[in-house]
Amino acid sequence: MRSILGSLLIVFIICFETESQGSGYGYEMITARLDSLQGLESDLLTYTNDTVQQLSKMVQLLTRMQLNGSGNPAAVPGLAVPVGASCRDVPSRVSGIYRIDPDHPFNEPMTVLCDQQYEGGGWTVIQRRFDGSVNFFRDWQDYKRGFGTLHGEFWLGLEQIYRLTNVAPHELAVVMEDFDGVSVAARYQKFRIGAETLNYGVMELGSCNPCGAGDSMRIHLNESFSTYDRDRSKAAFNCAAVFKGGWWFYRCHRCNLNGEYLKGKLTEAQDSQGLMWMDFRGDKYSLKSTKMMIRPIKR
């Protein structure tokens, strides 16, 4: 500010001298000084705008850090405080909907369904089906973002699953039930998917133990995720379009839990359709319910 006032004073003096002398040189000096002041004003405006933007980002970050620490969450209506990095951090044995922040402070917290009963709890449910109320025949963007409702059937979203499985090593549990009331599970000791640039492919799939349902997921290791509008399978046809759901198709599958919701035994024409886990009920049977869950591996 002092430099601006000084510049204005110089201009005033030059103006006074110009009026008394009538010099063309004085006029040129005034013009040059005004151009200089306009340039300075432009630089100051640019600097101020950049500073305001940076301060705004800092305020948002500090607000989030405060809310996750010792701050008062009541100061921000409707904002639930994340319980921690994963469902393992939930201080309750009650399954339900919680907010977690796996990669704080780099991304926004996510709202998830935590299963606190199965095998010691701490599981984040990434897929759940049980009544066919939600259509799973969706495009790439839907599978990326997630769809359905955490209170019912849903798919958490490939981007969310990618975030969770890449911030820390995770295991995968797949629990399923048929229409005769028989429940089985396949538990993989490690599970990780790649980024969207890698088509959210299955990058890691540990040993299946316990594996009462059979290891039907094994063939899908290293396979890209496919949807009807973005087919990355190795088949000669579009697996996602034929089997009506997004999955890590190979040529095409030994399991597919995102197909059309059908009920029990299938006809010849429905071969390999529905919610299928080959090593449990074969390729002519659609399961009643499925649940896919991931959990950070204890170190």
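This is a short chat about the salt bridges, disulfides and unusual backbone spots in a predicted model.

Visitor: Before we start, what kind of model is this?

Guide: This is a predicted model, and everything we go through below should be read with that in mind.

Visitor: OK, how many disulfides are there?

Guide: The count comes to three disulfides, and when the bonded cysteines are counted along the chain they follow the pattern 1-2, 3-4, 5-6.

Visitor: Which cysteine does Cys87 pair with?

Guide: Cys87 forms a disulfide with Cys114, and the two sulfur atoms are 2.0 Å apart. Cys87 sits in the loop between α2 (24-68) and β1, while Cys114 belongs to strand β2, so this pair ties together parts that are 27 residues apart in sequence.

Visitor: And are those two buried or exposed?

Guide: Cys87 and Cys114 are both buried, and their link is left-handed, with -75° about the S-S bond.

Visitor: What about Cys208 and Cys211, which hand does that one have?

Guide: The torsion about the S-S bond of Cys208 and Cys211 is about 90°, so that disulfide is right-handed, and the sulfur atoms of this pair are 1.9 Å apart.

Visitor: Why does Cys208 count as buried, and how does Cys211 count?

Guide: Cys208 has a relative accessibility of 16%, and it counts as buried because buried means under 20%. Cys211 has a relative accessibility of 27%, and therefore it counts as partly exposed.

Visitor: Where do the cysteines of the Cys239 and Cys252 pair lie?

Guide: Cys239 is in helix α5 and Cys252 is in the loop between α5 and β10, so their disulfide ties together parts that are 13 residues apart in sequence. The sulfur atoms of Cys239 and Cys252 are 1.8 Å apart, the link is left-handed with -80° about the S-S bond, and both Cys239 and Cys252 are buried.

Visitor: Does anything else turn up at Cys252, I mean, what kind of peptide bond joins Arg251 and Cys252?

Guide: Arg251 and Cys252 are joined by a cis peptide bond, with omega about 0°, and the loop that holds Cys252 runs between α5 (239-243) and β10 (255-256).

Visitor: What about the bond that joins His104 and Pro105?

Guide: That one is also described as a cis peptide bond, with omega of about 5° between His104 and Pro105, and Pro105 has its place in the loop between β1 and β2.

Visitor: Changing topic, how many salt bridges does a search of the whole structure find?

Guide: The search finds 19 salt bridges, and one of them is formed by the side chains of Arg163 and Asp103, at 2.6 Å from N to O. Arg163 is in helix α4 (residues 158-167) and Asp103 is in the loop between β1 (96-100) and β2 (110-115), and this pair links distant parts of the chain, 60 residues apart.

Visitor: Are Arg163 and Asp103 buried or exposed?

Guide: Arg163 is buried, and Asp103 is buried too.

Visitor: What does Glu119 meet in a salt bridge?

Guide: The side chain of Glu119 meets that of Arg187 in a salt bridge of 3.4 Å, N to O. Here too the pair links distant parts of the chain, 68 residues apart, with Glu119 in the loop between β2 and β3 (123-129) and Arg187 in strand β7 (residues 183-193).

Visitor: How do those two count for accessibility?

Guide: Glu119 is partly exposed, with a relative accessible area of 47%, whereas Arg187 counts as buried at 15% relative accessibility.

Visitor: Which other residue does Arg187 meet, over in strand β6?

Guide: Arg187 also meets Glu171 in a salt bridge of 3.0 Å, N to O. Glu171 is in strand β6 (residues 170-177), and this pair again links distant parts of the chain, 16 residues apart. Salt bridges that share partners join Glu119, Glu171, Arg187 and Arg295 into one network.

Visitor: Back to Glu119, what is its phi?

Guide: Glu119 has a positive phi of about 45° although it is not a glycine. Lys244 is another residue other than glycine with a positive phi, near 60°.

Visitor: Where does Lys244 lie?

Guide: Lys244 lies in the loop between α5 and β10, and it counts as partly exposed because its relative accessibility is 34%.

Definitions and conventions
Residues numbered from 1 in each chain as written. Predicted model: local features only at pLDDT ≥ 70, side-chain atom pairs only at ≥ 80, totals over all residues. Heavy atoms only, no water. Salt bridge = Lys/Arg side-chain N within 4 Å of Asp/Glu carboxyl O. Helix = DSSP H or I, 4+ residues; strand = E, 2+ residues; numbered from the N terminus. Buried < 20%, exposed > 50% of the residue type's maximum accessible area, 1.4 Å probe, protein only. Disulfide = S-S within 2.5 Å.
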